[in-house]
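Colleague: I am new to this structure and should like to understand how its descriptions are justified. May I put some questions to you?

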Amino acid sequence: MAYTKTPILVIVFCLCSIISEAAVRGTNRRADLNHDDEVNIADVNLVLNDIMQDTNDLALCDINSDGIVNVADLNEVLNIIFNPDIVHEPAEYVSGTLPVMHVNTAGYRTINSKEHYWQGEYWLEANGSTKVLSIGSESSPLPLEIKGRGNYTWITYPKKQYKVKLTSKAELIANTAKSKHYALQARYDDWRGYMLDAVAFQISRRIGMNWASHEEPIELVVNGDYCGLYFLTETVRVQTGRVDITEQKDLEMKPQAVTGGWLVEHDNYIDDNQIIFDGMLYTYHSPEVLSSQQREYLQTLISNVIDAIKNRDLSTDNEWEELIDIDEYAKYCIVQEIMDNQEGYAGSCYWHKERGDNSKIVFGPVWDFGFSLRRTGEQKFSWQDNGRPIGWMKYLKNSPSLMACIRKHWQEFSQDGFDWIDNFIDNYALNVNAATVPDNRRWPDSSSDQYLSRVNQLKYLIHLRLDFLNSQWGDCNPDETE
């Protein structure tokens, strides 16, 4: 190891005359190893001593959380000293118009993985909001666990998303069920006014689906660093007040018990908890660990559905309706089509099933509309020519009974007009607008610039879809089979 340590010593000693006078106060606390409220030469020495003595004190000196103390951690400290803007002081950024959630990880570690949770603490300041509830405080924070979340967004974008697990259930969003489980959505690539999910969730509630996530805009501070505008969101899970079905135990073996409840996602990413059938990925979220009996039941259920919809003349054969709740699927389809969600039928496409031999598959809750409202020219159904898998809709689009059911629910849904959508969007934008300014300072390449023009574009694209769908499902006959 000596041959690798010598260059480190030479470099650091050459820098000592510079960094001995340099200090950054009140910044990245993860690098303030001796807790003197400064990142300075003393912190450099602590990391250097650990490296030279092979101590590998991960709790103190593994600043970048990669499981080893090395030159990369030394560089982290030096970067903070020489680049003080690396930490964004909340006092200089927070808009004061939204609730603020503070999260501190143990040892102020960087949350750089979605594979495991970091221990930490949090408190939530409502700042006068009636939709988010204050809980904890800086002097009395509450325990939590936090990790990264997302697939493409986690890999691609600098503004990260997080999954939060509280130690105790709490009602963070007013008038929702207490839970331990929430998401902190970044919406870095939501170029439609940060509202694609929010609008879709509201449409889902309006059309009468069983449940849709509630989400509220907040500003997030992690380890003293202002992270920007985020969206505190109820996650999709089996529990009272969310997906309210029987919670099936992991490794259940009893024949009747394995019939439900089930929470399954038609996925477009490979996951450990999956069954692959007919070229489709089915991620089981509840239960999470399957016995052989549970796996066999789920495989048989999916096989029965495929058999009922594939290579069948759906103009006369409606056997699939004994397995799938047609009304809930029709509502699900309407939400996807209003949003023109290109991944709505085979990505983040959830369905659930209650316990019982005769219970049906119920589609929903809706989730993840990040690939929506991108069509600005000729309008089509989202299942038409989009170049992406469309799941069971590949077959069910040819069912006259489904199209008739969609049309029925559309006419009920649209009979009072759509002014409420514009009102929802306008009120949401009014609430969020001020916080987009510091968010854009924090993330200049994100979707928070020119915010109000993006809101107007959202409304324009929504009405393009509404007009198109009304031409298909309103007073004229829908094009049932394309």
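Colleague: What makes the approach of asparagine 40 to alanine 42 at the start of helix 2 a polar contact?

Modeller: A side-chain oxygen of asparagine 40 comes to within 3.1 Å of the backbone nitrogen of alanine 42. A polar contact is a pair of N or O atoms within 3.5 Å, one able to donate a hydrogen and the other to accept it; residues adjacent in sequence count only if both atoms are side-chain atoms. The model is predicted, with local features requiring pLDDT of at least 70 and side-chain atom pairs pLDDT 80 or more, whereas totals for chains, interfaces and linings use all residues. Residues are numbered from 1 along each chain as its sequence is written, and side-chain values use heavy atoms, leaving out hydrogens and water.

Colleague: How do you know that the span of helix 2 agrees with its number of residues?

Modeller: The expected span is 1.5 Å times one less than the number of residues. For the 13 residues of helix 2 (residues 41-53) this gives 18 Å, and the end C-alpha atoms are 18 Å apart, so the two agree. Helices here are DSSP runs of H or I with at least four residues, and strands are runs of E with at least two, numbered from the N terminus.

Colleague: Which residues of helix 2 are buried, and why are they said to lie on the same side?

Modeller: Asp43, Val44, Val47, Leu48, Asp50 and Ile51 are buried, that is, under 20% relative accessible area with a 1.4 Å probe, protein chains only. They lie on the same side of helix 2 because they cover an arc of only 160° around the axis, taken from the directions from the helix axis to the C-beta atoms. Just after helix 2, aspartate 54 has a positive phi of about 55°.

Colleague: Why is helix 7 called largely enclosed?

Modeller: Nine of its 12 residues are buried, so the rest of the structure largely encloses helix 7. Among them are Leu196, Phe201 and Ile207. Glycine 208, with a positive phi near 95°, follows helix 7.

Colleague: What makes strand 11 and strand 12 a pair?

Modeller: Strands pair if DSSP finds at least two bridges between them. Four bridges join strand 11 to strand 12 (residues 280-286), and the two run antiparallel. One bridge partner is leucine 281 in strand 12, facing isoleucine 276.

Colleague: Why is strand 11 called an edge strand?

Modeller: The open sheet of five strands has the order 11-12-10-13-14. Strand 11 (274-277) and strand 14 (361-363) are its edge strands, as each pairs on one side only.

How values were computed: Buried < 20%, exposed > 50% of the residue type's maximum accessible area, 1.4 Å probe, protein only.
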